[in-house]
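Work through the exercises below with the model open. Try each task before reading its solution.

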Amino acid sequence: MTQNAACFKRSLLVGLAVIGLGLIPSATAAERVEVSIDASKAGAKIDRNIFGQFAEHLGHGIDGGIWVGRDSTIPNTRGIRNDVVTALKALKVPNVRWPGGCFADEYHWRKGIGPQRAVSLNPNWGGVIEPNTLGTDEFMDFLSQIGSDAYVSVNVGSGTPQEAAEWLEYMTTAQPTTLEKERAANGHPAPYKIAFLGIGNESWDCGGNMTPDYYVSQMKIYSRFVRNFNPAQQDKDQMQKIAVGPGGGEPRWTEWTETVMKAYQQHTWSWDINGLSMHSYTVGHWPPSYASSGFGETEYSQILKFTLEMDDLINKHSAIMDKYDPQKKVALIVDEWGAWYAPLPGSNPGFLVQQNSLRDAVLAALNLNIFARHADRVRGANIAQMINVLQAMIMTDREKMVLTPTYYVFKMYTPFQDATFVPVAFNSGTYTHGDISLPRTDAIAAKGKDGKLWVAITNVDPNEAVDVELNLVDTGAKAVSGETLTAPKVDSINTFDAPNTVVPKPISAKAQGGKLTLKLEPKSVSVISIEQ
Ligand code: AHR
């Protein structure tokens, strides 16, 4: 268990013990929650990289979603759509993982640079043509337009260490090598910053069906030879190397984590890793069959129950990591997570198109809260995927664009980026539907970089409002402001024609004698800031 999780659980137990003494009324009886926050007990930093995004060459994730081409009638800057850039800037996206996913282990970077692009295929995702028009330089241009860092996954499955090493040289050297000159000729004399390097993707499956031992041999070679030469990244801001990690909790993945972490424990001067990736989708059962819209409370409660399994999965793999890395030097990077539903009827099943509803907003908040509670080990996460694919922030259709409920949760949570975790004690209460029981409320708090105390509270219950009493231990509250996100139905969505069905609205809280009271609407996510 992580320090934060232990701390949180302890606080929760104290809270529950107090309930046992009858001092706090049960949330179940009165739909009332007491939340106690002691800002003097600050914990780990909530790494801004847990709000990372993922853009794969898959369906319209990139083509049409980011890239429309310089000659498009859709307003763009050097081929990158302006409306999407404006929307993403508001999220303060810390990093974008690219070019995949499964696509990364078939990507050959030279096809995507220079004036003449190779036209290739995308066998993983619909077998469609890959025009390679958005390649390395365009991706980096996109990042500079939205103000984000690069998380580049190199091809371990079908590429070579030499190919990956040359790609990194192309991107990062400041010396006048042939590759540096090629980059300059392609319009970028200055070296690029590569914040994260993914050493393969799901190498236990689409990345080459490797055994853990075979992967570890490959990982060492890539870690050694795929160097970052950017002078600005030699001492500070060093590139973080992320090894492939588990894709679930089954024995084959505990063995995988064991093998990689055991190797790490014995690593020598010649290789290193800084992170272990973990992938976990909220899917229910494979193949994905839950509808992404037009569902009711049963599917709402089932999916949210599945999503809460993220906490157990992190606990499981963190415990293995703790054995080999008690100082928590290696971060757990949940670089693929989110809801994965049945493809929208009529869409290309290889394009992973789904709707995004209020349920996804609640799901996103619950997962971000889990990551924050594990802030000492989980120092990165990338929701899958940014645009038009799976649990997207943004959907586009030619010139049209709409922001999803998940987008608004990420926007509301921006103050938690690099904020300091503050433990919260509360009696969550229970929401029950049929044979599913879930904690009714969930909450996190953090001290923001702006000096304010930030609290995110989710009311999972789709039927009952919750009265919250926030008790700020030893401090008062001078001013409070906040926003809440809810909608008429659990499956409410934003569409191109009705984009404002699920958008945040102001929420008011009353401050009195160190306590705040506020009402949470059913099925809502709220974020408030408190000036102390
Ligand atoms: O996000 C879609 C796919 O899911 C990714 O390409 C792969 O890594 C995972 O299986």
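**Exercise 1. Ligand contacts.** Which polar backbone atom, and of which residue, is 2.9 Å from an oxygen atom of the ligand?

*Solution.* This is a predicted model: local features need pLDDT of at least 70, side-chain atom pairs count only at pLDDT 80 or more, and totals for chains, interfaces and linings use all residues. Residues are numbered from 1 along each chain as its sequence is written, and side-chain values use heavy atoms, with hydrogens and water left out.

Step 1. Look for polar contacts (pairs of N or O atoms within 3.5 Å). A polar backbone atom of Cys102 is 2.9 Å from a ligand oxygen atom.

Step 2. Add the side chains. Glu56 places a polar side-chain atom 2.7 Å from an oxygen atom of the ligand. Glu336 does so too, with a polar side-chain atom at 2.7 Å from a ligand oxygen.

Step 3. Check the cover. On its own the ligand has 280 Å² of accessible area (Shrake-Rupley method, 1.4 Å probe). The protein covers 93% of that area.

**Exercise 2. The shell.** List the residues that come nearest the ligand, then sort the shell by class.

*Solution.* Step 1. Take residues with a heavy atom within 4 Å of the ligand. There are 13, and Glu56, Cys102, Glu202, Tyr281 and Glu336 come nearest.

Step 2. Apply the classes: Ala, Val, Leu, Ile, Met, Phe, Trp, Tyr, Cys and Pro are nonpolar, Asp, Glu, Lys and Arg are charged, and the others, Gly among them, are polar. The shell has 7 nonpolar, 3 polar and 3 charged residues.

**Exercise 3. The pocket.** Describe the largest pocket and its lining.

*Solution.* Step 1. Define a pocket: on a 1 Å grid over the protein atoms alone, an open set of points where a 1.4 Å probe fits, with protein on both sides within 12 Å along at least five of seven lines. The volume is the space filled by probe spheres set on the points, which are joined across faces, edges and corners. The largest pocket holds about 730 Å³.

Step 2. Collect the lining (residues with an atom within 4 Å of a point). It has 36 residues, with Gly247, His279, Ser280, Tyr281 and Trp286 nearest the pocket centre. They divide into 15 nonpolar, 14 polar and 7 charged.

Step 3. Assign elements (DSSP runs: helices H or I, at least four residues; strands E, at least two; numbered from the N terminus). β11 gives the largest share of the lining, 4 residues.

Step 4. Place the ligand. It sits in the largest pocket, a test that needs more than half of its atoms within 2 Å of the grid points.

Terms used. Polar contact = N/O pair within 3.5 Å; in protein donor to acceptor, adjacent residues only side chain to side chain.
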